[in-house]
Amino acid sequence: MLFIIALIAAVVAFFVYKNAKKRFQKSETTFATIGFVVALLIALLQIFSIIPAGHTGVIDFLGYVSDNTLKPGVNFVNPLASVEKLSIKTQELKELMNVPSQEGLSVELEISLLYRLNSEKANEIYKTVGPNYVEIILIPQFRSVVRGVTARYEAKALYTASREKLAGEIVSELEKLVGPRGITVEQAALRQIKLPSRLTQSIEEKLQAEQESQRMAFILLKETQEADRKRIEAKGIADFQEIVSKGISEQL
């Protein structure tokens, strides 16, 4: 559109220049010349499209989307076409949601998703979804997958070492849904988990009891080993004494 406007402005400026030259109007001639040069320069600039680093360009010519995408740098394009610049950098999506556990408890979960757009499928996702693909595809699928995965775990598992396994399942299931559409899922990081206060206290007490039990087991093992050592030492002394007593005769 800007290309057509610039061409029309250049043509108008050219005719103004011609008429002013016939009437010997120097000021109008100068103004028309400047207008013609500026309009022509703007029209020529529409032939080039600069794609920033970390982006890809999708060419949309009157509703027809090209199968080829533009790489970062200076590209020659149809001046009548529009270029949609989409980021292919790794981006972060933060979500704070209430998710269910296996017991039916509501858990407050803060999670971050790292994703990026596949440059080879940028034109496809632009045609089928549009530039706001995150709101239309990624966010709804992400929320659905997170709730589905957490519902398979007990609340205490979210609070302990099973968090890494849970995050891996989220990435795997989400990749199956959005990967074919052109969105690559890199990582899902569980930033913070808030359980009901009474449940949190119960889990902490249980963990503390388990640690105390492990400590006592270690102490008992240590005492058992010490008792075995003393028993072996006593047996050695007894054997020594027996050998010495047998070696002492009446003659000696």
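1. A good place to start in this predicted model is the pairing of Arg116 with Glu186, a salt bridge whose closest N and O atoms are 3.1 Å apart. Arg116 belongs to strand β7 and Glu186 to strand β8, so the bridge ties together parts that are 70 residues apart in sequence. Arg116 is partly exposed, at 32% relative accessible area, and Glu186 is partly exposed as well, at 35%.

2. You will find other pairs of this kind, since a search of the whole structure turns up nine salt bridges. In one of them, the side chains of Arg143 and Glu95 meet at 3.0 Å, N to O. Here helix α4 supplies Arg143 and strand β6 supplies Glu95, so parts 48 residues apart in sequence are tied together. Arg143 counts as partly exposed at 36% relative accessibility, whereas Glu95 is buried, with a relative accessible area of 9%.

3. Have a look, too, at Lys127 and Asp67, which form a salt bridge with their closest N and O atoms 3.8 Å apart. This pair links distant parts of the chain, 60 residues apart: Lys127 sits in helix α3 and Asp67 in strand β3 (residues 64-70). Asp67 is exposed, with a relative accessible area of 53%, while Lys127 is partly exposed at 42%. Through shared partners, salt bridges join Asp67, Lys127 and Glu124 into one network.

4. Now to the interior. In soluble globular proteins, nonpolar side chains tend to be buried together. The largest nonpolar core here has 39 residues, and Ile111, Leu138 and Ile170 are those with the most contacts inside it. Elements giving two or more residues to this core include β6 (91-100), β7 (106-117), α6 (163-178) and β8 (183-194). Which element gives the most? That is α4, with nine residues. A second, separate core has five residues, among them Ile51, Leu70, Val77 and Ala81.

5. Ile170 is a handy residue to click on. Leaving aside neighbours within four places in sequence, Ile170 is in contact with Phe142, Val145, Val146 and Val149, as well as with Ile111 and Ala188.

6. Helix α4 deserves a careful look. At 1.5 Å a residue, its 18 residues should span 26 Å, and the 25 Å between its end C-alpha atoms agrees with that. Even so, α4 bends by about 25° at Ile139, with a proline, Pro140, following within four residues. The buried residues of α4 include Tyr133, Ile137, Leu138, Phe142, Val145 and Val149. What covers the buried residues of this helix includes α3, α6 and the strands β5 (82-87), β6, β7 and β8.

7. Which residues does Ile193 touch? Ile193 lies in strand β8 and is buried, with a relative accessible area of 12%. Beyond neighbours within four places in sequence, Ile193 is in contact with Val107, Glu108, Leu109, Leu158 and Arg163. Its C-alpha atom is separated by 8.7 Å from that of Ile111, although the two residues are 82 apart along the chain.

8. Finally, a word on confidence. The chain has a mean pLDDT of 77, and 70% of its residues reach 70 or more. Among the elements, α4 has the highest mean pLDDT (91) and helix α1 (residues 2-22) the lowest (55). Where pLDDT is low, the predicted coordinates should not be read in detail.

Terms used:
Residues are numbered from 1 along each chain as its sequence is written. This is a predicted model: local features need pLDDT of at least 70, side-chain atom pairs count only at pLDDT 80 or more; totals for chains, interfaces and linings use all residues. Side-chain values use heavy atoms; hydrogens and water are left out. A nonpolar core is a set of buried Ala, Val, Leu, Ile, Met, Phe, Trp, Tyr and Cys residues joined through side-chain atoms within 4.5 Å. Buried means under 20% relative accessible area, exposed over 50%, partly exposed in between (1.4 Å probe, protein chains only). Contact means heavy atoms within 4.5 Å. The expected span of a helix is 1.5 Å times one less than its number of residues. The bend at a residue is the angle between axes fitted to the seven residues ending there and the seven starting there. pLDDT is the predictor's confidence in each residue, from 0 to 100. A salt bridge is a side-chain nitrogen of Lys or Arg within 4 Å of a carboxyl oxygen of Asp or Glu.
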